[in-house]
Every structure is written in structure tokens, then in C-alpha cells.
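Me: I'm new to reading protein models and would love a close look at one part of this one. Could you walk me through a single spot, and then show me a pocket too?

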Amino acid sequence: MSDFDAVVIGAGNAGLTAATTLQHAGLHTLLVERHNIPGGCATSFRRGRFEFEVALHQLSGVGTEDQQYTLRSMFDRLGVGDTLEFVQEPDLYRAVVPGQYDVTLPADWAGAVDALEDAFPGNRRRVERFFALVKDIVLGYIAVMRKTPAADVDPVFFRRALRPFKDVLDEHFDDPRITSALGAYWPYLGPPPSRLAFQEMALMLYAYIEFKPWHIRGGSQAMSSALLDSFVAAGGQARFNTAVEAILTERGRVVGVRFDDGQEVSARDVVSNASLPVTYAMLDDVVPTAVRDDLATRRIGVSGFVLHMGLDASPADLGFTTSTTFVNTDMDDDRTYASWHSLEPARGICISSYDVEPIGFAPAGANHVSLMTLQYSDAWEKVPPAAYARTKFAYAETLLDLVETTLPGIRDAIEEADVATPLTHARYLGHPSGAIYGYEQDRTHSWLFRNSERETHVAGLHLAGSWAGSGGFQPTLEAGHRVAQRLLRARAA
Ligand SMILES: Cc1cc2nc3c(=O)[nH]c(=O)nc-3n(C[C@H](O)[C@H](O)[C@H](O)COP(=O)(O)OP(=O)(O)OC[C@H]3O[C@@H](n4cnc5c(N)ncnc54)[C@H](O)[C@@H]3O)c2cc1C
């Protein structure tokens, strides 16, 4: 008789939805988290009068009351649907390259066409054709996912889905400003448009335009805490400040875990929300050859640099018109991507204001804003410890220089500030190189060629989260629920 039916390692998005799904289905479940709060990336922290959102810029997958999408029903099933309050952003984003363009795209198809036509006259038909292709690709993707026979899938899907996003943009437009403005979301995925499969960007644009971008009142921490509360209310047990250091096996089958204080608990199933390298390093058995071969050909993905700020000025005082703003120094996305391996001044930032549509993180008249650029950890690993604090604040100044080109006055309004580097993310998440989306989010790592989530090659071990699939909020929340449902089906069989 085991101590638990299942142990879930890590209380990130996928760990929380997996644990809550299992416990609600009647499996006696233990959730173990090395940090002192639930959420992984999906957390917040306080500085002075402000609460700072760690990670959530725009949540996809919610949908409106009238046109609901998958997360709403999943949250209902997990008992948190009535607890969470979603805050809709009316716009996708404002995209700016100083001296080149400044355009705001509303989160609806017709409004986005009008905005692009206003900013770049003469392109209406081209934008309409491009958006029609986006919709066709999404329909093709859904058909393939549903295992529709290839002959019945629109051939445009097979011709275009895996083409580089940049090629598809260049087929439609001859003005680089419009391709730059339409591609502003690429850092949400990682690879630049020249390497990003069109399908990935089509899915993202469709998700945000059709089902809208959202914030959560109380931030992503409110969601993480609600999931934890639901898990505990259903009888689940949670341990914080506790790392799992070993996954115990007998004759190739999982039998439990050992914590960092030496205590062991037995369980028939273990779901890991930790990274794949950490998970397999914890295995007290030989790592299966198929897994070793897979991991050896992986590339660790990108991390991020964030300047969190509490500003003593309202969004209107500072000229904010949208919750999300992208500012790039120029339109050379490949150069920006290359710069993520260095400490050269930031070339592109995502600016999030959490008070244009307030989520309750700043007092009235103030504004919580974060500036973020993606970065790999290699440049930061070379910084000597004695120079680390100086280097990170000097680098943060380069993000401020960039934001001041578009939203002047922010620097003077700073009341509280904190900085997170790739090393910060590595320390808080326990992930190699502080990667925030897991492995590189490119075609070679996609579900087309790998299926880490389904193929652990160790009986009783299950993987859920960004490292076993796609990174980002919606994918990981759904992954935990999906993996738990698969586990339940296997136990019932
Ligand atoms: C600054 C930042 C901005 C981001 N912006 C966005 C965005 O706008 N939109 C978006 O969709 N995504 C964004 N992301 C990415 C997104 O947040 C992540 O991809 C997603 O939250 C990862 O979820 P996960 O389930 O993989 O778990 P993670 O959040 O990676 O959490 C894993 C958990 O496992 C725990 N753990 C690890 N090892 C052990 C162990 N041995 N024992 C116990 N516990 C362990 C960790 O402490 C952690 O809590 C951002 C991330 C960051 C950091």
C-alpha cells in the first residue's frame, strides 16, 4: 500500500492543474514544491505599495463570456472558475519602431485591418488575405490534430504551415514596416520570424484576436493560489520549501520519491513539472537510451530579463494607451535575436502596464509596469559575482532608454524597482539556464518530431509542463490537466 496514489513534483502551472485534476478524481495526491509559494513562473511579489507580476503578460485561451475558450471550462472543472476574475485587454498591442511606425492593433479582425490600413495605406486587401490565410492554417491545424485524413485537410495547410513566418509575410507585403508590426508577437514564442514556423504565429494571432488577450485580477498568483486552494479543499496534501531529490524505482517502475531532507514517500505514479534534465537526473535508475538520445539532441531555450517597476504616476499621466506595447530599435529581428546572447543594450522590449485595465497591483493613481526582453543565460554566466549587481542595473538602464523613446517620463516616476535576470529565473525555478519556455520552441523540438510528454520510457513517470511540450501559460495549464487525465485513464484501464 503506497503513502500516496500520486506525487506531483513542482507547483508551476502544469503541476497545479495536474495535482488538482488527480485529487478531484479521487486520487490521494501529494504536491511538492521547492519554493515557498505556488505558481513557478505564475507568481507575484511585493515591493513597497506595489505587487509585481512575475510572468503573465497576456493570457490566451480564456475567450469572452459569449465565446468561451478551453481554459474557462478547465477552470470550472478544477473548481476555480467562479474564483478567478479575468480582465480583458481591448487591444493586442501597440507596436513602435521610433522614426518608422507607431501602430495599435485592436483585438478584432476588422479593427486590426483598419488600423493597419490607417498606418500603412494601400494594404487593406493584403492584410485581409493574410488574415484569411491565418484562419485557414488554424483550421488545417485543428483538422490534423483531430486526425482528419490528409486528403480532407485543406492543402494550403501542408504548403504553408511549416514555412518560416517571415517568408509568408514577405509573400503578402512589400513594406517592411507592416511585416514588423504584424510580427511583433514573435518574442512570445522565441525564434525570430525567419526561423519561426508560420503555424505557430498563426495559432498565436488567432488565439489573441479571436479569443482576446486577458489579465487576471490579482495577477497570475491569484490563479496559482486558487488552484492550490481547490486542490487542498479536495483533500490534497502540499509541501512547500521541499525539493524532490530522487525519483525511486523498482524493476524499472516508479515507486516513490525522496525529498531533500531524506524522507521518502511511496506512490504509484509521479508527475514531474520540473525540467526534463532535472527530472531524469533524479531517477535512481539508468536513464533509458531513448531518453538519453532525445535529451542529447535538445537545445535549452531562452530566458528573460525583466525590470519590474512601481511608478508614482497613472498610466494616463505617462501616455499609456494600451496594456501591452512593443518597442524595437529597428526592424532587424535576426539581429535582435542574436543580441540575446550578449549584454549589448536591449534592442526590443515588451512593456506591460497592469493598470490601463487595473488588476489591483498598484494603488489608485500609480502604475505597475514591467519591461522585458528575452535573453539567454550565457552572457550572464560570465559576469563575475562581484560585478553582478552593477551589471544588471546598468543593463536595466538600457531598457529604460528604449521605453523613454515612446513613453517619456517613466524613469522619473520610479518609486520601486527590481530586476530579474536569467540567473534569477534559474534560481527560482530550478531550470537549467533559467529557461522560461523549456527547450527551444522551434520546429525540431515540436510535437512533430518529439513526444516527451507521452514517452517517458519509465512506467509510472509522467511529464507535464513547458519542458515536455510547449511553454507559455495556456499550453502548460492545459498540459497538466491533459497528462493527469491520461494517467487516470491508464489507471482505470
Ligand atoms: C518573466 C517571464 C515572463 C513570461 N511571459 C509569458 C507570457 O507573457 N505569456 C506566456 O504564455 N508565458 C510567459 N512566460 C512563460 C510561462 O510563464 C511558462 O512557460 C510557464 O508558466 C511554465 O509553466 P510550467 O508548468 O512549465 O512550470 P514552471 O513555472 O516552470 O514551474 C516549475 C516548478 O517546479 C518546481 N520544481 C523544479 N524542480 C523541483 C524539485 N526538484 N522539487 C520540487 N519542485 C521543483 C519549481 O520551483 C517551479 O515552481 C513567462 C515566463 C517568465 C519567467
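Reply: Val287 sits in the loop that runs between helix H10 (276-282) and helix H11 (289-296). Keep in mind that this is a predicted model. Val287 has a relative accessible area of 18%, and because buried means under 20%, Val287 counts as buried. Who touches this residue? Setting aside the neighbours within four places in sequence, Val287 is in contact with Tyr280 and Arg292. You can also look further along the chain: Gly252 is 35 residues from Val287 in sequence, while their C-alpha atoms are 9.8 Å apart in space.

Now for the wider setting. An unreviewed UniProt entry lists residues 14-488 as "domain: Amine oxidase". Over that stretch, the chain is 37% helix and 20% strand, and the C-alpha atoms at its two ends are 16 Å apart.

Next, turn to the second largest pocket, which holds about 450 Å³ of space. Its lining is made of 21 residues, and those nearest the centre are Phe45, Val54, Ala420, Thr424 and Tyr428. Strand S3 (44-47), helix H14 (385-404), strand S17 (414-420) and helix H16 (422-429) are the elements that each give two or more residues to this lining. H16 provides the largest share, with six residues. Sorted by character, the lining has ten nonpolar, seven polar and four charged residues. Domain 1 (4-85 + 218-298 + 441-492) and domain 3 (302-429) each supply at least three residues to the lining of this pocket.

How values were computed:
Residues are numbered from 1 along each chain as its sequence is written. This is a predicted model: local features need pLDDT of at least 70, side-chain atom pairs count only at pLDDT 80 or more; totals for chains, interfaces and linings use all residues. Side-chain values use heavy atoms; hydrogens and water are left out. On a 1 Å grid over the protein atoms alone, a cavity is a set of points where a 1.4 Å probe fits but cannot get out, and a pocket is an open set with protein on both sides within 12 Å along at least five of seven lines; lining residues have an atom within 4 Å of a point. Grid points are joined across faces, edges and corners, and a volume is the space filled by probe spheres set on the points. Helices (H or I, at least four residues) and strands (E, at least two) are DSSP runs, numbered from the N terminus. Ala, Val, Leu, Ile, Met, Phe, Trp, Tyr, Cys and Pro count as nonpolar, Asp, Glu, Lys and Arg as charged, and the others, Gly among them, as polar. Domain bounds come from an automatic or database domain assignment. UniProt positions are given in the numbering used here, feature names are shortened, and annotations may be inferred rather than shown by experiment. Buried means under 20% relative accessible area, exposed over 50%, partly exposed in between (1.4 Å probe, protein chains only). Contact means heavy atoms within 4.5 Å.
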